[in-house]
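Reader: I'd like to learn how to read burial, helices and cores in a model like this one. Can you walk me through it?

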Amino acid sequence: MPSHTQFVSPLAAAIACRCPRCGKGKLFVNVLNIRDKCDACGLDYKFVDTGDGPAVFAIFILGFLCIGGALIAEFEFGVPWWAHVLLWGILTPLLGVLLLRFLKALLIALQFKNKAEEGRLSKE
Ligand SMILES: [Zn+2]
């Protein structure tokens, strides 16, 4: 069993989408699904419970960026309507997936670092 005395920054783990404990094992099995456990250190990911947190943050951040970008493109550059459809139709889902991966990994790393979990009356 490897030692885990080395500190892994939640931000670094989130950017690389790596294990919050060792920073080496991959966190996702495909685009957004979490693995059962870390390949490198064996950390069980059963504690992961991000809920709707990443989606809410992604909606607010992406909505701000895309609406702001569309308004700037329209009123500063006079982009035609079909270019808006092409630009935002491709860019929005792509940014959404990337942002969701980052935010999900960040919330998992913060949950691990802060030992956040549901409140219990007794330890079992
Ligand atoms: Zn690990």
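Author: Sure, and keep in mind that this is a predicted model. Let's start with exposure: Val-56 has 39% relative accessibility, so it counts as partly exposed, because that class sits between the 20% and 50% cut-offs.

Reader: Where does Val-56 lie, and which patch does Val-56 help form?

Author: Val-56 is in helix H2, residues 53–77. Together with Phe-57, Ile-59, Phe-60, Ile-61, Phe-64 and Leu-65, Val-56 makes a nonpolar surface patch, and their combined accessible area is about 750 Å².

Reader: Next, helix length. How far does H3 reach from its first C-alpha to its last?

Author: The idea is to compare the span with what 1.5 Å a residue would give. H3 (residues 81–113) has 33 residues and spans 46 Å, close to the expected 48 Å. After H3 comes Lys-115, with a positive phi near 50°.

Reader: Which residues of H3 are buried, and what do they pack against?

Author: Buried ones include Trp-88, Gly-96, Leu-99, Leu-103 and Ala-105. The buried residues of H3 pack against H2 and helix H1 (10–16).

Reader: And the cores? Which members of the largest nonpolar core touch the most other members?

Author: A core is read as buried nonpolar residues joined through their side chains. The largest has 14 residues, and those touching the most other members are Cys-19, Leu-27, Cys-38, Cys-41, Leu-43, Tyr-45 and Ala-105. H3 gives the most to this core, three residues. Another core, of seven residues, lies apart from it, with Cys-66, Ala-70, Trp-88 and Leu-99 among them.

Definitions and conventions
Residues numbered from 1 in each chain as written. Predicted model: local features only at pLDDT ≥ 70, side-chain atom pairs only at ≥ 80, totals over all residues. Heavy atoms only, no water. Patch = residues over 30% accessible without salt bridge, like charges linked within 9 Å, V, L, I, M, F, W, Y side chains within 5 Å. Areas by Shrake-Rupley, 256 points an atom, 1.4 Å probe, with all protein chains shown as cover. Salt bridge = Lys/Arg side-chain N within 4 Å of Asp/Glu carboxyl O. Helix = DSSP H or I, 4+ residues; strand = E, 2+ residues; numbered from the N terminus. Buried < 20%, exposed > 50% of the residue type's maximum accessible area, 1.4 Å probe, protein only. Expected span 1.5 Å × (residues − 1). Contact = heavy atoms within 4.5 Å. Core = buried A, V, L, I, M, F, W, Y, C linked by side-chain atoms within 4.5 Å.
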